[in-house]
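Could you have a look at this one with me? I've jotted down some points to go through while you turn the model around on your screen.

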Amino acid sequence: MSSIIIRTATAADLDRITEIYADAVTQGTASYELEPPSRAEMGARFDTLMAGGFPYLVSEKDGAVLGYAYAGAFRPRPAYRFIVEDSVYVAPEAKGQGVGLLLMQSLIEACRAAGFRQVIAVIGDGRADSASVRLHEKLGFRHSGRLEGSGYKHGRWLDTVFMQLSLNGGALAPPDPGSLPERKFRQQK
């Protein structure tokens, strides 16, 4: 019996990533996009994240991609450089099998290794019983805010929930000059 592996995503995964995200957009409320982006748009998003050095992972079993997760800039202004926002999407046939948990555990470790200080989850339709809220709680994220009625999709108003996880000392330690965000910041100056 084979097991699920987590690895860095490649451009060869983008067709499947695009399919998984299209399902999330059309069937779910995790994304507030109303129309699935094209393969070309998903490729451009992937290229931007990879060029920025952000982690982008896929889960795979028997050669099939079951889900993906990545971290990207939370906000573009430089003072936010130590904070990333996570995203995780699982194929419909793989939900409930621990794929999201494995992806997020690996993503958190990659963010920690890069020297980021906070991982922010911006969860659409953030009901207390949502799979994403429960997953983030299980991983130690704490609730940090709610925007009520902030999205309208599938004929209903949705709340957005913010959760966060501190890494590498969070706000209790000074920035690490060797961290990825600090090295990129110095290169841009």
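Here are my notes, going from the annotation to the sheet, the helices and one loop residue.

1. Before anything else, keep in mind that this is a predicted model. UniProt, in an unreviewed entry, places "domain: N-acetyltransferase" at residues 4-168. Over that stretch the chain is 31% helix and 35% strand, and the C-alpha atoms at its ends lie 28 Å apart.

2. Let's begin with the sheet. It's an open one with 7 strands, and if you walk across it you meet them in the order S1-S2-S3-S4-S5-S7-S6, with mixed pairing. At the edges you'll find S1 (5-8) and S6, each pairing on one side only. Ignoring direction, neighbouring strands of this sheet are turned against each other by 25 degrees on average.

3. Now zoom in on one pair, S2 and S3. These two strands run antiparallel, and 6 bridges join them. If you want a spot to check by eye, find Leu 57, which stands opposite Ala 69 in S3.

4. Next up is H2, residues 39-51. This helix has 13 residues and reaches 18 Å from first C-alpha to last, close to the 18 Å expected at 1.5 Å a residue. Which residues of H2 are buried? They are Met 42, Gly 43, Phe 46 and Leu 49. Those four sit on the same side of H2, because they cover an arc of only 130 degrees around the axis. Go round to the other side and you'll see that Ala 40, Thr 48 and Ala 51 are exposed.

5. So much for the helix alone; what about its surroundings? The buried residues of H2 are covered by elements including helix H1 (14-27), strand S2 (56-61) and strand S3 (64-73). H2 lies across S1, S2 and S3, running at about 55 degrees to S3. After the helix comes Gly 53, with a positive phi near 80 degrees.

6. H1 can be read in a similar way. It has 14 residues and spans 20 Å between its first and last C-alpha, close to the 20 Å expected at 1.5 Å a residue. Its buried residues are Leu 14, Ile 17, Thr 18, Ile 20, Tyr 21, Ala 24 and Val 25. Their arc around the axis is only 165 degrees, so they fall on the same side of H1. What do the buried residues of H1 pack against? The answer is H2, S2, S3, strand S4 (83-90) and strand S6 (142-153).

7. Don't skip the short helix H4 (residues 131-138). It lies across S4, strand S5 (118-124), S6 and strand S7 (156-166), and runs at about 160 degrees to S5.

8. My last stop is Phe 116, in the loop between helix H3 (99-114) and S5. Is Phe 116 buried or exposed? It counts as buried, because its relative accessibility is 1% and the cut-off for buried is under 20%. Leaving aside neighbours within four places in sequence, its contacts include Phe 54, Arg 81, Phe 82, Cys 111, Leu 167, Leu 180 and Pro 181. Pro 175 is 59 residues away along the chain, yet its C-alpha is 9.1 Å from that of Phe 116.

9. Two of those contacts lead on to helix H5 (residues 180-188). Leu 180 and Pro 181 are among its buried residues, together with Glu 182 and Phe 185. What covers the buried residues of H5 includes H3.

Conventions: Residues numbered from 1 in each chain as written. Predicted model: local features only at pLDDT ≥ 70, side-chain atom pairs only at ≥ 80, totals over all residues. Heavy atoms only, no water. UniProt positions renumbered as here; feature names shortened; annotations may be inferred. Expected span 1.5 Å × (residues − 1). Buried < 20%, exposed > 50% of the residue type's maximum accessible area, 1.4 Å probe, protein only. Arc of directions from axis to C-beta. Contact = heavy atoms within 4.5 Å. Pairing = 2+ DSSP bridges. Axes fitted to C-alpha atoms, helices over the stretch in contact; angles between N-to-C directions.
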